[in-house]
Amino acid sequence: MARNPTRAVRIGPITVGDGSPIAVQSMAATRTQDIEATVRQVQLLEAAGADIVRIAVDSRKDVEALAEVRGRTSATLSVDLQENYRLAEIVAPHVDKVRYNPGHLWHHERDKPTRDKVAFLAEIAERNDCAIRVGVNCGSVDPVMIERFGDDDVGAMVESALEHCAMLDDLGFTRYVVSLKDSDWLKVVAGNRRFSTQRPDVPLHLGVTEAGMLPEGEIKTRLAFEQLIPEGIGDTLRVSLTLPFEEKGTEIDTGRRILDDIESGRFRGIPTILPEGLNIISCPSCSRVENEAFIDLAHDVREMTEYAREHDLTIAVMGCRVNGPGETDDADLGLWCGPAAVNLKRGSETVGAFPYDEVLGQLRIELDALIAQRG
Ligand code: SF4
């Protein structure tokens, strides 16, 4: 397949870009401080053939746990700096790549110019032989971009990525890749196309975020990858699925199967037709999940709402209270999970918090009301 002439970016022993095989990666879903479970998760992903495994850190305690995990695996590790970019300083010695989200960077230490924060990250990465991923999510672009682009959220996402590339280039740091993700595969296609037209030299990490459960999660991801990869766009990828921790290797198997199918010309998606009917999005879970019942809940939601499958509605099921509230705002009905309760939302409005074994009944009431209201 023809590929964009991206530059080579080394991530530990792996090279992405410049015609290298498309690297397939995933992320540990366990709590990082549960060292045994996290090591097991990394080994499981590695055994499934993951080229890179990402781990999230939120605190110094997470970093201490990461250091122990590092000592017990030879996997190529990437780290997700969630809200606190300053943790990069103590994280980078243990990993091969650092991912930051420009939207989160904007919110932390707002008085500091973004360029100074990016310079801090570039210097740390350089000093520790790390690559960087500029990971832009359509749902968490910084407010300045949203104001500039209004309803064009794909435009805001692309501009945010371009702005950060320009800053890194200007600082003389070129060992970076970019991702432009959303739970809507059409936005993923549009964003990556627009970006690669302007920066065909920058390696792209592809993914449809919060794609949900199988088989729908695979279908949405296929629809995006089948459009982009044959156009030469994409140097590494992740398939984000809601799966039990022990089955996380399925993300790697699915990614490789999609790649094999594309390379062999076996296309399964229906490229220009948006799937209609009930759309359930759910996150792939990560170290922030405080109650593993989230995964069963996502499956129960799908089963319970089967009767409404003909209705064009979106239900979002998210695993944590950090990103859950924001990531459910655009759905018709949203659920985000805390340690003992699940918060139910109607659009951006909160309906209430309910125990795990009661929330389905409440969801049914809200869903019925919505269907009756829309006719
Ligand atoms: Fe992790 Fe929360 Fe995002 Fe789910 S919504 S992937 S638990 S940060």
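Why does Asp 129 count as exposed? Asp 129 has 12 C-beta neighbours inside 10 Å, so it falls in the exposed class. Notes on the rest follow.

1. Ground rules. Residues are numbered from 1 along each chain, as its sequence is written. This is a predicted model, so bear in mind that local features need pLDDT of at least 70, that side-chain atom pairs count only at pLDDT 80 or more, and that totals for chains, interfaces and linings use all residues.

2. Burial and the odd phi values. Buried here means that 20 or more other C-beta atoms lie within 10 Å of a residue's own; exposed means 12 or fewer, partly exposed is in between, and the C-beta atoms are placed from the backbone. Asp 129 has phi near 60 degrees, a positive value in a residue other than glycine. You'll find Asp 129 in the loop between α5 (114–127) and β7. Helices (H or I, at least four residues) and strands (E, at least two) are DSSP runs, numbered from the N terminus. Glu 210 also has a positive phi, about 50 degrees, although it is not a glycine. Glu 210 counts as buried because it has 27 C-beta neighbours inside 10 Å, and it lies in the loop between β9 and α9.

3. A cis proline. The peptide bond joining Leu 214 and Pro 215 is cis, with omega about 5 degrees. Pro 215 is in the loop between β9 and α9 (216–228). Worth a look while you're checking Glu 210, which is found in the loop between β9 and α9 too.

4. The barrel. Eight strands close up in the order β3-β4-β5-β6-β7-β8-β9-β10, with parallel pairing. Two strands pair if DSSP finds at least two bridges between them. From one strand to the next, the twist averages 25 degrees; axes are lines fitted to C-alpha atoms, for helices over the stretch in contact, and angles run from 0 to 180 degrees between N-to-C directions. Helix α8 (residues 185–198) packs on the sheet, where it touches β8 and β9 (204–206), and its direction makes about 145 degrees with that of β8. Contact between two residues means that their C-beta atoms, placed from the backbone, lie within 7 Å.

5. Strand β7 inside the barrel. All the residues of β7 (131–137), seven of seven, are buried. Ala 131, Arg 133, Gly 135 and Asn 137 point one way, Ile 132, Val 134 and Val 136 the other way, and all are buried. On one pairing, four bridges join β7 to β6 (residues 97–100), in parallel; Tyr 100 has Val 134 as its bridge partner in β7. On another, six bridges join β7 to β8 (residues 176–181), also parallel, and Val 134 stands opposite Val 178 in β8.

6. One more barrel pair. β4 (residues 52–57) and β5 (residues 77–81) run parallel over five bridges. Val 53 has Leu 77 as its bridge partner in β5. Ser 74 sits in the loop between α2 (60–71) and β5, and it counts as exposed because it has 10 C-beta neighbours inside 10 Å. If you want a long-range distance to check, the C-alpha atoms of Ser 74 and Asp 151 are separated by 44 Å, and these residues are 77 apart along the chain.

7. The open sheet. Five strands, ordered β11-β12-β13-β14-β15, make an open sheet with mixed pairing. Its edge strands, β11 (279–282) and β15 (349–355), each pair on one side only. The twist here averages 15 degrees from one strand to the next. Within this sheet, β12 (residues 314–318) and β13 (residues 333–337) are parallel over four bridges, and Met 318 stands opposite Trp 336 in β13.

8. The ligand shell. There are 13 residues around the ligand, and Cys 283, Cys 286, Gly 319, Cys 320 and Asn 323 come nearest; a residue is near if its C-beta atom, placed from the backbone, lies within 6 Å of the molecule. The shell divides into seven nonpolar, four polar and two charged residues. For those classes, Ala, Val, Leu, Ile, Met, Phe, Trp, Tyr, Cys and Pro are nonpolar, Asp, Glu, Lys and Arg are charged, and the others, Gly among them, are polar.

9. Two domains. The assignment gives domain 1 (9–263) and domain 2 (279–374), with bounds that come from an automatic or database domain assignment. Their C-alpha centres lie 25 Å apart. The contact takes 18 residues from domain 1 and 16 from domain 2. On the side of domain 1 that touches domain 2, seven residues are nonpolar, eight polar and three charged.
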